[in-house]
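Here's a friendly walk through one protein model. Have a look at it first, then read on.

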Amino acid sequence: MFNAAPSFARDTVRNFPLQESITKGFAQGHLNNNVQLFFAGGDEPAILETLKNISTSRKTNGFGKSDETACEWAFFSALIALQNRALQEGGNAVINILSNYKNKEFSSDSLFQCGAGTFVVGVALKGTIAKICLLY
């Protein structure tokens, strides 16, 4: 007969700076300049048309990485998914973006949430595809 000790997997919800990560994502070429991103609670663009509510959940391997590094990669992946979906649906922006880790909404114009486990980290986002007025 075996007596197994209980195993406790880590599942820590962490908050990270939003603007710093977004700036890095655009600078490193991960994010598409043709689709603007607007987080709930922040500045809102001149909306011409709202098209569709969307959501995404992205995970990445966190083993051997800091939570910050792994969460940033998952965040980039989630934003890329939102941008790609916006392009498919004919939008040029995703508005009212908020974190939705484990279906718990977290709205901030300065932070995003990430779930950091022992081996995997994840970022879930939702927002609305829109057509906005672009000012140049």
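What follows is a short tour, from the overall layout to the core, the cysteines and the empty spaces.

## The big picture

Keep in mind that this is a predicted model. The protein has two helices and six strands, and if you start at the N terminus, they come in the order β-α-β-β-α-β-β-β. Measure tools aside, the C-alpha trace spans about 70 × 25 × 25 Å along its principal axes.

How much of the protein counts as buried? Of its 136 residues, 40% do. Take the contacts between residues at least 6 apart in sequence, and you'll find that 82% of them join residues at least 24 apart.

## What's packed inside

In soluble globular proteins, nonpolar side chains tend to be buried together. Here, the largest nonpolar core has 25 residues, and the ones touching the most other members are Phe39, Phe75, Leu79, Phe112, Val123 and Leu125. Six elements each chip in at least two residues: helix 1 (18–27), strand 2 (36–39), helix 2 (67–88), strand 4 (93–99), strand 5 (111–117) and strand 6 (120–132). Helix 2 gives the largest share, with eight residues.

For a close-up, pick leucine 79. Leaving out residues up to four places away in sequence, leucine 79 touches Ile22, Leu31, Leu37, Phe39 and Leu125. There's also another core, set apart from the largest one, with five residues, including Phe38, Ala93, Ile95 and Ala130.

## The cysteines

The count of disulfides comes to one. Cysteine 71 is joined to cysteine 114, with 2.0 Å from S to S. The torsion about their S-S bond is about -75°, so this disulfide is left-handed. The bond ties together distant parts of the chain: cysteine 71 sits in helix 2 and cysteine 114 in strand 5, 43 residues apart.

Are these cysteines buried or exposed? Cysteine 71 counts as buried because its relative accessibility is 0%, and cysteine 114 is buried too, because its value is also 0%. Cysteine 133 has 35% relative accessibility, so this residue counts as partly exposed.

## The largest pocket

Now for the open space. The largest pocket holds about 270 Å³. Which residues line this pocket? They are Leu18, Gln19, Ile22, Phe26, Gln36, Leu37, Phe38, Phe39, Gly42, Asp43 and Asp109. Helix 1 and strand 2 are the elements that give two or more residues to this lining.

Sorted by class, the pocket lining has six nonpolar, three polar and two charged residues. You've met some of these names already: Phe39 is among the core residues with the most touches, while Ile22 and Leu37 are on the list of residues that leucine 79 touches.

## A closed space

How many cavities of 30 Å³ or more does the structure hold? There is one, and the largest cavity has about 30 Å³ of space. Around the largest cavity you'll find Phe16, Pro17, Glu20, Ser21, Glu68, Glu72 and Phe112.

Strand 1 (11–17), helix 1 and helix 2 each give at least two residues to the cavity lining. By class, that lining splits into three nonpolar, one polar and three charged residues.

Methods
Residues numbered from 1 in each chain as written. Predicted model: local features only at pLDDT ≥ 70, side-chain atom pairs only at ≥ 80, totals over all residues. Heavy atoms only, no water. Core = buried A, V, L, I, M, F, W, Y, C linked by side-chain atoms within 4.5 Å. Buried < 20%, exposed > 50% of the residue type's maximum accessible area, 1.4 Å probe, protein only. Helix = DSSP H or I, 4+ residues; strand = E, 2+ residues; numbered from the N terminus. Contact = heavy atoms within 4.5 Å. Disulfide = S-S within 2.5 Å. 1 Å grid on protein atoms, 1.4 Å probe; cavity = no way out; pocket = protein on both sides within 12 Å on 5 of 7 lines; lining within 4 Å. Points joined across faces, edges and corners; volume = space filled by probe spheres on them. Nonpolar A, V, L, I, M, F, W, Y, C, P; charged D, E, K, R; others polar.
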